[in-house]
Amino acid sequence: QVQLVESGGGLVQPGGSLRLSCAASGFALDDWAIGWFRQAPGKEREGVSCISRSHGLTVYDDSVKGRFTISKDNAKNTVYLEMNSLKPEDTAVYYCARLRTGSPRYCSTRGYEYDYWGQGTQVTVSS
C-alpha cells in the first residue's frame, strides 16, 4: 500500500514563501530516496530536488538552487520542500515521488528513475 500524498500548495505572491509536504505510507523514508518534480501547463515535467535515503545528500535543479530547501522527518515519514523567493515561473503542479534504486547517498532528478508518484499539489505564484 505505497502512497505519497502532497499538501501545502496554494496561491502566493511573488517573493513569498510556501512549504510543501509529502506524506509517505507503506514504506519508510530511511529506505528510499524522495524527489520533487513539477509540471506547468503546456510544459514537460521537470525535476526540482531530491533527498537521499541516508547521509543527507540533496540535489537541486539550477532554477531553484538557493531558493528551495528539501528536508525530511523520518519519524513522521514526511518530506518537505521549503520554497522561498517564489517567482511566477515556479507556478506548477508539484509532485513527490519515490526513487527506485541507488546507493544510500544517491539522488536523481530524472523522472524515469522513480516508481511511485503522488497526485500533486497546485502552487500558483501571482500578484
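In this predicted model, strand β1 and strand β3 (residues 18-25) run antiparallel and are joined by five bridges. One of the residues involved is Gln-3, whose bridge partner in β3 is Ser-25. As general background, the strands of a sheet pair through backbone hydrogen bonds, in either a parallel or an antiparallel way. The two strands belong to an open sheet of four, ordered β1-β3-β8-β7, with antiparallel pairing. At its edges lie β1 (3-7) and β7 (68-73), each of which pairs on one side only. From one strand to the next, the twist averages 15 degrees.

We can now turn from the strands to the side chains. In soluble globular proteins, nonpolar side chains tend to be buried together. Here, the largest nonpolar core has 26 residues, and the members that touch the most others are Trp-36, Leu-81, Met-83 and Tyr-94. Two or more residues come from each of β3, β4 (34-39), β5 (46-51), β7, β8 (78-83), β9 (92-99) and β11 (121-125). The most generous contributor is β3, with four residues. Leu-81 gives a good view of the contacts: leaving aside residues up to four places away in sequence, it touches Leu-18, Arg-19, Leu-20, Trp-36, Val-48, Ser-49, Phe-68, Thr-69, Ile-70 and Tyr-94. Another core, of seven residues, lies apart from this one and includes Ala-33, Cys-50, Ala-97 and Leu-99.

Aromatic rings add a further layer to the picture, with four aromatic pairs in the structure. Phe-27 and Trp-32 form an edge-to-face pair, with 6.4 Å from centre to centre and 80 degrees between the planes. Phe-27 counts as buried because its relative accessibility is 10%, under the 20% cut-off. Trp-32, with a relative accessible area of 24%, is partly exposed. The charged end of Arg-98 sits over the ring of Trp-32, 3.6 Å from its centre.

A second pair brings together Phe-37 and Tyr-114, whose ring centres are 4.9 Å apart; their planes meet at 85 degrees, so this pair is edge-to-face too. Because Phe-37 lies in strand β4 and Tyr-114 in strand β10 (residues 114-117), the pair ties together parts that are 77 residues apart in sequence. Phe-37 counts as buried at 1% relative accessibility, and Tyr-114 counts as buried at 4%. Ring pairs also bring in Trp-117, linking Phe-37, Tyr-114 and Trp-117 into a cluster. Phe-37 has a charged neighbour as well: the charged end of Arg-45 sits over its ring, 5.8 Å from the centre.

Definitions and conventions: Residues are numbered from 1 along each chain as its sequence is written. This is a predicted model: local features need pLDDT of at least 70, side-chain atom pairs count only at pLDDT 80 or more; totals for chains, interfaces and linings use all residues. Side-chain values use heavy atoms; hydrogens and water are left out. Two strands pair if DSSP finds at least two bridges between them. Axes are lines fitted to C-alpha atoms, for helices over the stretch in contact, and angles run from 0 to 180 degrees between N-to-C directions. A nonpolar core is a set of buried Ala, Val, Leu, Ile, Met, Phe, Trp, Tyr and Cys residues joined through side-chain atoms within 4.5 Å. Buried means under 20% relative accessible area, exposed over 50%, partly exposed in between (1.4 Å probe, protein chains only). Contact means heavy atoms within 4.5 Å. Rings of Phe, Tyr and Trp (its six-membered ring) pair if their centres lie within 6.5 Å; planes under 30 degrees apart count as stacked, over 60 as edge-to-face and the rest as tilted. A charge sits over a ring if NZ of Lys or CZ of Arg is within 6 Å of the ring centre and within 35 degrees of the ring normal.
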